[in-house]
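Open your viewer, switch to a cartoon view and keep the selection box handy. Let's walk through this one stop at a time.

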Amino acid sequence: MKNDFRASLVCTAIMLVVSPFLFSCGGRGASGNPQAAAPPPDLNGIWSAPFTPDISKTLGHQPPFTEYGAARFAKEDEIDDPLTKCLPIGPARGIQAGIMPFQIVETPSVFTILFENQHTFRIIHTDGRSHPKDADPTWFGDSIGKWEGDTLVVDTVGLDDRTWLDTAGHEHSDQLHLLERFQKMDNDNIKWTVTFEDPKYFTEPWSITLPIKRQNTEIMSYSCEENEKDRAHLRRTKK
Amino acid sequence: MKTLSSAVLGFGFFLLSMCTPVFAHHGFAVEFDQNNPLTLSGVVTKMEFENPHIYFYVDVKGKDGKVTNWAFEGGPPNVIYRRGWRKDTLKPGDVVTVKGFRAKDGSHLGACSTVTLADGRQMDAGSGGVSQNSYGAGAADGKK
């Protein structure tokens, strides 16, 4: 009984000495914690990347088509571009829309991209969540992002196969997996790299990199249907 | 010095705007023929400063005296607003000279590259600037 009492005292003393260290080593989250992680880079603002109507020109060659992908591309005509029907532009093509800029609105839990083109938007969740299982495809898919130093790494799945990757008619399936890296170079420049992975259309993943530059403007109005008069005049570009 | 820098930047933006192809909701080649350039003069009858492209209409008198109302398409209004256009840049009654390309369907429709106003100002209509094939060059970046 006496030994048990002594052992209890020793244990209590050890806990009193050790516990402050245990509770101080938990990383971020504790109030006043000097080791809290640095905030992610601030990318808020209006931005634009070069207009990229033919993604193969940027790549330097055609993407590594599967047989199915090559056959589809040979057949596709600009008249079938979903944008001629005022359908949404899609996540990567929206970045490549050139002189129609986009606005980044960044919060701790979401990284939002507001496209002037068609007034569409992307919501990239940065709160640590995973993709939902078996999500139905949508125009901009499901995007989750995490910061790696100065770079936001964005993973997107669940994409509607009706969007195109460019004006030239590069298509994709609903198995498209996008991996994007938004690397802040300085206050006015982002290096954007996007990797396209789609086993139905491409034999292997392939990537392009474009410079994104800050713009001194505001996002302006856009409504594709407001005064659409072109559809009646469109003609096939292939015989 | 600041004024000079602003002037240089402004001129740089002007030069850039003169050669930047326009992104719109359709490719150039699917509607217009870059091998069929046109230059027409006439009187503006209507201006539509609306999405997804501006449209304006010009009465053009032919050699036989017959007047034809041509429609011209320019860039999206937000894009050319940034290049200095406003909704009243062209008003009914204005005398203009339009350079551009005719529609492939043979209708009295053209893609407008530039408009020269009566006072001599030349406006880039969002389709590529003074070089008539600039709109086409932008489209040529895409698939043919």
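The tour below starts with one whole chain, moves to the chain contact, and ends in a sheet and a loop.

**Stop 1: chain B as a whole**

Keep in mind that you are looking at a predicted model. Select chain B and colour by secondary structure: you should find 3 helices and 6 strands. Trace chain B along the sequence and the elements come in the pattern α-β-β-β-α-β-β-β-α. Chain B has 144 residues, and 43% of them count as buried. How do its contacts spread along the sequence? Taking contacts in chain B between residues at least 6 apart in sequence, 56% join residues at least 24 apart.

**Stop 2: where chain B touches chain A**

Now bring chain A into view and select the residues of each chain that are in contact with the other. On the chain B side you will pick up 28 residues, and on the chain A side 33. Which element of chain B gives the most to this side? Select residues 77–81 of chain B: this is helix H2, which leads with 3 residues. Colour the chain B side by residue class, and you will see 11 nonpolar, 8 polar and 9 charged residues.

**Stop 3: three strands of chain A**

Hide chain B and select residues 151–157, 177–186 and 189–197 of chain A, which are strands E6, E7 and E8. E6 and E7 of chain A run antiparallel and are joined by 6 bridges. To see how they line up, show A:Leu152, which stands opposite A:Phe182 in E7.

On to E7 and E8 of chain A, which are also antiparallel, with 9 bridges between them. These two strands form a hairpin, and 2 residues lie between them. Label A:Asp186 and, opposite it, A:Asn189 in E8.

**Stop 4: A:Asp174**

Step back to the loop between E6 and E7 of chain A, and select A:Asp174, which is found there. Is A:Asp174 buried or exposed? The answer lies in between: A:Asp174 has 16 other C-beta atoms within 10 Å, so it is partly exposed, since buried would take 20 or more and exposed 12 or fewer.

Which residues does it touch beyond its neighbours within four places in sequence? Show A:Pro137, A:Leu159, A:Asp160 and A:Asp161, which are in contact with A:Asp174. As a last step, draw a C-alpha to C-alpha distance from A:Asp174 to A:Gln118: the two are 22 Å apart in space and 56 residues apart in sequence.

Definitions and conventions:
Residues are numbered from 1 along each chain as its sequence is written. Chains are lettered from A and ligands numbered from 1 in the order in which they are written. This is a predicted model: local features need pLDDT of at least 70, side-chain atom pairs count only at pLDDT 80 or more; totals for chains, interfaces and linings use all residues. Helices (H or I, at least four residues) and strands (E, at least two) are DSSP runs, numbered from the N terminus. Two residues are in contact if their C-beta atoms, placed from the backbone, lie within 7 Å. Two strands pair if DSSP finds at least two bridges between them. Ala, Val, Leu, Ile, Met, Phe, Trp, Tyr, Cys and Pro count as nonpolar, Asp, Glu, Lys and Arg as charged, and the others, Gly among them, as polar.
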